[in-house]
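Here are a few short exercises to work through with the structure open beside you. Try each task before reading its solution.

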Amino acid sequence: MTSPRRYQHAATAGAVLLAAATIGALCHRQYVPACALSVGILILTEAALREHRHVRRIELECEWGRRRARGENPAPLNPCCLLARASHGQAHDRKCTGDHSLAKFIAQIEAEHRGNTP
Ligand SMILES: [Zn+2]
């Protein structure tokens with residue numbers, strides 16, 4: 001499996017190469033290929049930035065896990081997990097750094113069930 005850091009480096013290298021090709025095309029007054037290469041630069045730059053955010057999130061989760069293993073009680077990351085961000089807080093990942101444990105979820109459901117029964 002390819003690591004996100006490798007994708008980040010590949011996208012960055014591709015963006016730099018396309019930038020050099022774009023400059024070369026502009027020097028030869030080939031404006032249409034330069035525009036097409038510019039679109040490629042934008043796409044690869046966005047990919048590199050996305051992978052950078054992914055790598056940064058993995059590093060933060062690792063540091064959070066290390067601190068938990070040492071017995072510390074670190075504050076949850078923001079967002080607590082990537083699934084929470086994608087589901088607008090309706091669901092949480094198994095690697096959630098918040099206090100959304102399964103036991104609390106079951107207790108919440110039981111409390112709601114008890115509240116609905118007469
Ligand atoms: Zn979460």
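**Exercise 1: A20, buried or exposed?**

Task: Decide whether A20 is buried or exposed.

Solution: In this predicted model, start by counting the C-beta neighbours of A20 inside 10 Å, which gives 11. Next, recall the cut-off: a residue with 12 or fewer is exposed. A20 therefore counts as exposed. To place A20 in the fold, look at helix α1, residues 4–27, where A20 is found. Finally, pick out L37, 17 residues away from A20 along the chain; the C-alpha atoms of the two are separated by 9.6 Å.

**Exercise 2: Elements and overall spread**

Task: List the elements of the protein from the N terminus on, then work out how its radius of gyration compares with the globule rule.

Solution: Begin with the elements, which run α-α-α-α; that is four helices and zero strands. Now take the radius of gyration, 23 Å, and set it against the 13 Å that the globule rule gives for 118 residues. The value is well over the rule, so the protein is more spread out than a compact globule. Then check the C-alpha trace, which spans about 80 × 40 × 25 Å along its principal axes. As a last step, turn to burial: buried residues make up 10% of the 118 residues.

**Exercise 3: Domains and contacts**

Task: Find the domain bounds and the distance between the domain centres.

Solution: First mark domain 1 at 1–74 and domain 2 at 77–118. Then compare their C-alpha centres, which lie 33 Å apart. To finish, consider contacts between residues at least 6 apart in sequence: 36% of these join residues at least 24 apart.

Definitions and conventions: Residues numbered from 1 in each chain as written. Predicted model: local features only at pLDDT ≥ 70, side-chain atom pairs only at ≥ 80, totals over all residues. Helix = DSSP H or I, 4+ residues; strand = E, 2+ residues; numbered from the N terminus. Rg over C-alpha atoms; globule rule 2.2 N^0.38 Å. Buried ≥ 20, exposed ≤ 12 C-beta atoms within 10 Å, placed from the backbone. Contact = placed C-beta atoms within 7 Å. Domains from an automatic or database assignment.
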